[in-house]
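Reader: Before I rely on the descriptive words used for this structure, I would like to hear what stands behind each of them. Could you take me through them one at a time?

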Amino acid sequence: MSSGRAIVITSGKGGVGKTTTTANVGAALAKRGRRVALVDTDIGLRNLDLVLGVEKRIVFDLVEVVEGRCQLRQALIRDKRLPTLALLPAAQTREKEAVGEEQMKGVIDALAESNDYVLIDCAAGIEHGFRMAIAGAREAIVVTTPEISAIRDADRVVGKLTQAGLPLRLIINRVRPEMVKSGDMLSVDDVCDVLSAELLGIVPDDEEVIDTTNRGEPLVLDETKRLTAIYDKIARRLDGEAVPFTSLATPSFFGRLFTMWKAG
Amino acid sequence: MLEFLKKLFLPPERSSETAKERLRVVLLSDHLSLAPETVEALKRDLLEVISKYVEIDPAHADVTFEQREREVAMLANVPITGIRERPRPTAPRTEEPSPSPQLVAPTVDAPQAAADEPPAAALAPEEEAAVASAPQAQEKQPPPTRASYAGAPRRRRRKKTVALQGPAPG
């Protein structure tokens with residue numbers, strides 16, 4: 001009997017911000033008191049541990065859990081800053097084929113029993129790693145950027161998720177409002193139109209992400225960061241609140257810089 | 001100087017428009033992963049089936065594909081030249097045209113009967129309200145769950161997408 005929501009975070013293309021999104025949405029939910037388990041399914045190329053800053057605390061991993069060499073709770077790394085946030089890390093020295101779809105489903109179901117949210121960080125691509133990552137999920141978040149290559153890949157993923165019967169929502173990452181305004185970047189509406197998907201969040205491009213990733217601190221832990229409010233809003237929308245999207249359109253030339261960060 | 005004036009007065013070239021158009025074309029071909037031979041065979045069979053029922057002009061029949069939201073739509077434009085005297089259905093129809101109200105179970109009676117009545121009678125405001133609040137009508141609603149966007153309005157942006165369609169790629 002599972003109670004928590006298992007949500008896969010996927011994109012098709014690599015490098016669009018899946019892992020950063022997983023870490024920050026997960027941390028934002030945990031800030032709200034939700035019990036959150038993050039699962040890194042990118043076997044061989046794990047990174048969620050680095051983004052969360054828990055890389056030195058890994059003892060066991062997903063593959064060892066699946067192979068029965070440790071208990072699930074032994075492999076979970078609890079966050080020291082957010083007591084309701086935990087990570088199940090991927091194996092770094094194994095192949096993706098080490099975990100099958102049924103095994104993955106078993107792990108996700110077990111995590112969903114004791115958590116409100118299970119966020120599954122998916123590997124890039126649409127092959128075995130993708131099928132494994134979506135196997136235990138009931139919903140999906142598709143992360144994309146307003147670039148045609150990312151959107152084309154997201155479109156493939158949206159098709160595959162729809163085929164699998166998973167409801168999905170979209171996070172458009174690395175939006176640059178000033179470029180959208182000048183017509184040099186696809187707008188949020190354009191992206192939603194092309195993908196015919198419901199919007200969950202708009203995240204502006206911000207160097208804060210690089211800075212906080214360098215330090216291994218999810219940026220939502222710092223209330224002074226510009227993007228914190230945006231990830232908090234995404235967490236509230238996931239929680240079922242109707243949080244309106246602030247328009248990226250700027251009222252005046254001078255107001256542009258100030259309104260840039262209010263989106264999301 | 002001319003460049004400067006151009007920059008000042010002409011609207012800049014919008015690369016987002018180019019991106020949108022390129023994306024539209026590439027997604028169309030991504031979605032339509034049918035081989036050309038398959039499309040031809042489909043067209044042939046389709047016209048054959050239609051000609052069982054009506055007389056058509058196959059020379060001027062046109063079958064095209066068009067991007068519509070998540071799906072690719074097939075559009076058939078087939079000139080009908082006449083009605084066949086005796087349609088040639090492949091299998092005899094076994095089902096009744098519409099069940100008589102007396103044979104329907106009581107729970108489904110209200111909406112079913114209202115739908116079957118002629119428009120003038122069915123459109124009385126009281127009756128409409130009755131149908132809307134009938135238990136059957138309510139049962140059709142998906143139960144409210146936390147994953148309440150399961151039935152997200154994925155087709156809500158129809159107007160804009162139509163605008164995106166433009167001419168069919170070659």
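Author: Let me begin with a strand pairing, and with the reminder that this is a predicted model. Strand β2 (residues 36-40) of chain A and strand β4 (residues 85-88) of chain A run parallel and are joined by four bridges, and Ala86(A) in β4(A) is the bridge partner of Ala37(A).

Reader: What makes β2(A) and β5(A) count as paired strands?

Author: Two strands pair if at least two bridges are found between them, and five bridges join β2(A) to strand β5 (residues 117-121) of chain A, the two running parallel. Within that pairing, Asp40(A) stands opposite Asp121(A) of β5(A).

Reader: Why is β2(A) called largely enclosed?

Author: A residue is buried if 20 or more other C-beta atoms lie within 10 Å of its own. Five of the five residues of β2(A) are buried, so the strand is largely enclosed by the rest of the structure. In a regular strand the side chains alternate between the two faces of the sheet. Here Val36(A), Leu38(A) and Asp40(A) point one way, while Ala37(A) and Val39(A) point the other way, and all are buried.

Reader: Which strands stand at the edges of the sheet, and why are they described that way?

Author: The sheet is open and has eight strands in the order β3-β4-β2-β5-β1-β6-β7-β8 of chain A, with mixed pairing. β3 (77-78) and β8 (198-204) of chain A each have a single partner strand, so one side of each is left without a neighbour in the sheet, and they stand at the edges. Elsewhere in the order, β1(A) and β6(A) run parallel and are joined by four bridges, with Val142(A) in β6(A) as the bridge partner of Thr10(A).

Reader: Which strands do α5(A) and α9(A) touch or lie across?

Author: Helix α5(A) lies across β1, β2 and β5 of chain A, and runs at about 145 degrees to β5(A). Helix α9 (residues 188-195) of chain A packs on the sheet and touches β6, β7 (168-175) and β8 of chain A, its direction making about 145 degrees with that of β7(A).

Reader: How do you know that α6(A) is mostly covered?

Author: By the same cut-off of 20 or more other C-beta atoms within 10 Å, six of the eight residues of helix α6 (residues 128-135) of chain A are buried, and the helix is described as mostly covered. The buried residues are Gly129(A), Phe130(A), Met132(A), Ala133(A), Ile134(A) and Ala135(A). They pack against β1 (5-10), α5, β5, β6 (139-144) and α7 of chain A.

Reader: Why is Asp116(A) called partly exposed?

Author: The word buried requires 20 or more other C-beta atoms within 10 Å, and exposed requires 12 or fewer; Asp116(A) has 19 and is therefore partly exposed. Asp116(A) is found in the loop between α5 (101-113) and β5 of chain A. Leaving aside neighbours within four places in sequence, Asp116(A) is in contact with Gly4(A), Arg34(A), Arg35(A) and Val36(A). Of these, Gly4(A) is 112 residues from Asp116(A) in sequence, yet their C-alpha atoms are 4.1 Å apart in space.

Reader: Why are α1(A) and α11(A) called roughly perpendicular?

Author: The axes of helix α1 (residues 18-31) of chain A and helix α11 (residues 228-238) of chain A come within 8 Å and cross at roughly 70 degrees. Angles of 65 to 115 degrees count as roughly perpendicular, and the two helices are therefore described in that way. The contact is made by Asn24(A), Val25(A), Ala28(A) and Leu29(A) of α1(A) and by Tyr231(A), Asp232(A), Ile234(A), Ala235(A) and Leu238(A) of α11(A). Those residues divide into seven nonpolar, one polar and one charged.

Reader: What makes α7(A) roughly parallel to α2(B)?

Author: Helix α7 (residues 148-163) of chain A and helix α2 (residues 15-31) of chain B pack at an angle of about 30 degrees, with their axes 10 Å apart. Angles under 35 degrees count as roughly parallel, which means that α7(A) is roughly parallel to α2(B). The contact involves residues including Ile148(A), Ile151(A) and Arg152(A) of α7(A), and Ala19(B), Arg22(B) and Leu23(B) of α2(B). The residues of this contact divide into six nonpolar, no polar and five charged.

Definitions and conventions: Residues are numbered from 1 along each chain as its sequence is written. Chains are lettered from A and ligands numbered from 1 in the order in which they are written. This is a predicted model: local features need pLDDT of at least 70, side-chain atom pairs count only at pLDDT 80 or more; totals for chains, interfaces and linings use all residues. Axes are lines fitted to C-alpha atoms, for helices over the stretch in contact, and angles run from 0 to 180 degrees between N-to-C directions. Angles under 35 degrees count as roughly parallel, over 145 as roughly antiparallel, 65 to 115 as roughly perpendicular and the rest as oblique. Two residues are in contact if their C-beta atoms, placed from the backbone, lie within 7 Å. Ala, Val, Leu, Ile, Met, Phe, Trp, Tyr, Cys and Pro count as nonpolar, Asp, Glu, Lys and Arg as charged, and the others, Gly among them, as polar.
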